[in-house]
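Please look through the sequence and the structure below. The paragraphs after them go from the overall make-up to single residues.

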Amino acid sequence: MDTLEARMERLERRCRRWQGLTFVALALAGLGLGAAALRDSAVPTGELVASRLVLTDTRGRTRATLGTDEGGNAALVLRDGEGRPRALLGVGVDGSPRLRFSTAAGESLAELTVYSDEAPRLTLSKPGGADLFSVGLQVDGSSRLELADANGRPRAILGADEHGAPNLLLVDRRGQARVALRVNASDAASLVVEGRDGEVFRAPGVQ
């Protein structure tokens, strides 16, 4: 017959075994929860967050950059094979979007800008900065097209006011209008021509 001490010892051994099994089960459960958490955190969100993105070609040269400046204005710059910026798409400090194409030296050749959400303007320039051609819409609804000489001085100006009435001005090198052709809101036409000697020819019509 077992003594009381023997029975107590067997009971203590059983308790220790159950405690060990319980500890192992809790450890395995903890590992399972940790793995599940890692799987959830690794799920891709489809979003890339960065302050600057640089694309390079096979030789390691920068060909495109996308980033923001110190004022928070975003811009995309495309570069040629020598790393020189040739095209820019950005938003200015005032919120106006801009698309610009430049020479290898960085001089603007063509630029499209939208002012005040409703006034786009396109300019074509020669190397050196002089605008030779520009066309745009104004906030008041009027439009204007300018042709300039090699020095950037407007020589022919074609426009329409906010009511759609057209007008054409031909200007000399001093900025003096020499020919003015207009059609007003009531569809009446007028023509004014000024000669070099100051003589003025006016065609019949409402001025």
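**From overall make-up to side-chain pairs**

Thr65 is buried because its relative accessibility is 6%, below the 20% cut-off for that class. This residue of the predicted model lies in strand 2, which spans residues 62–68. Leaving aside residues up to four places away in sequence, Thr65 touches Arg52, Leu53, Val54, Ala75, Leu76, Val77 and Arg79.

The protein as a whole contains one helix and 14 strands. Of its 207 residues, 18% count as buried. Its exposed area is about 15000 Å², and carbon and sulfur atoms supply 59% of that area. Among the contacts with a separation of 6 or more, 1% are between residues 24 or more positions apart.

Where do nonpolar side chains come together? In soluble globular proteins they tend to be buried together. The largest nonpolar core here has five residues in all: Ile157, Leu169, Val171, Ala180 and Val192. Ile157 touches two other members of this core, Leu169 and Val171. Further contacts of Ile157, again not counting residues up to four places away in sequence, include Arg144, Leu145 and Glu146.

There is also a nonpolar patch on the surface, with about 920 Å² of accessible area together. Leu53 and Leu76, both touched by Thr65, belong to this patch, as do Phe101 and Val135, among others. Strand 1 (52–56), strand 3 (74–79), strand 5 (97–102) and strand 7 (119–125) each supply at least two of the patch residues. Val135 is found in strand 8, residues 131–137. With a relative accessible area of 31%, Val135 is partly exposed, and it therefore passes the requirement of over 30% for patch residues.

The charged side chains remain. Side chains of opposite charge can pair when their charged atoms come close. A search of the whole structure finds ten salt bridges. One of them joins Arg86 and Asp80 at 3.5 Å, N to O; Arg86 is partly exposed at 32% relative accessibility, whereas Asp80 is buried at 13%. Arg144 and Glu146, both touched by Ile157, meet in a salt bridge at 2.5 Å, N to O. Arg144 is partly exposed, with a relative accessibility of 40%, and Glu146 is buried, with 18%. Asp149 and Arg153 form another salt bridge, their closest N and O atoms being 3.1 Å apart. Here Asp149 is buried at 15% relative accessible area, while Arg153 is partly exposed at 35%. Finally, a network of salt bridges links Asp57, Arg61 and Arg63.

Methods. Residues numbered from 1 in each chain as written. Predicted model: local features only at pLDDT ≥ 70, side-chain atom pairs only at ≥ 80, totals over all residues. Heavy atoms only, no water. Patch = residues over 30% accessible without salt bridge, like charges linked within 9 Å, V, L, I, M, F, W, Y side chains within 5 Å. Areas by Shrake-Rupley, 256 points an atom, 1.4 Å probe, with all protein chains shown as cover. Salt bridge = Lys/Arg side-chain N within 4 Å of Asp/Glu carboxyl O. Helix = DSSP H or I, 4+ residues; strand = E, 2+ residues; numbered from the N terminus. Buried < 20%, exposed > 50% of the residue type's maximum accessible area, 1.4 Å probe, protein only. Contact = heavy atoms within 4.5 Å. Core = buried A, V, L, I, M, F, W, Y, C linked by side-chain atoms within 4.5 Å.
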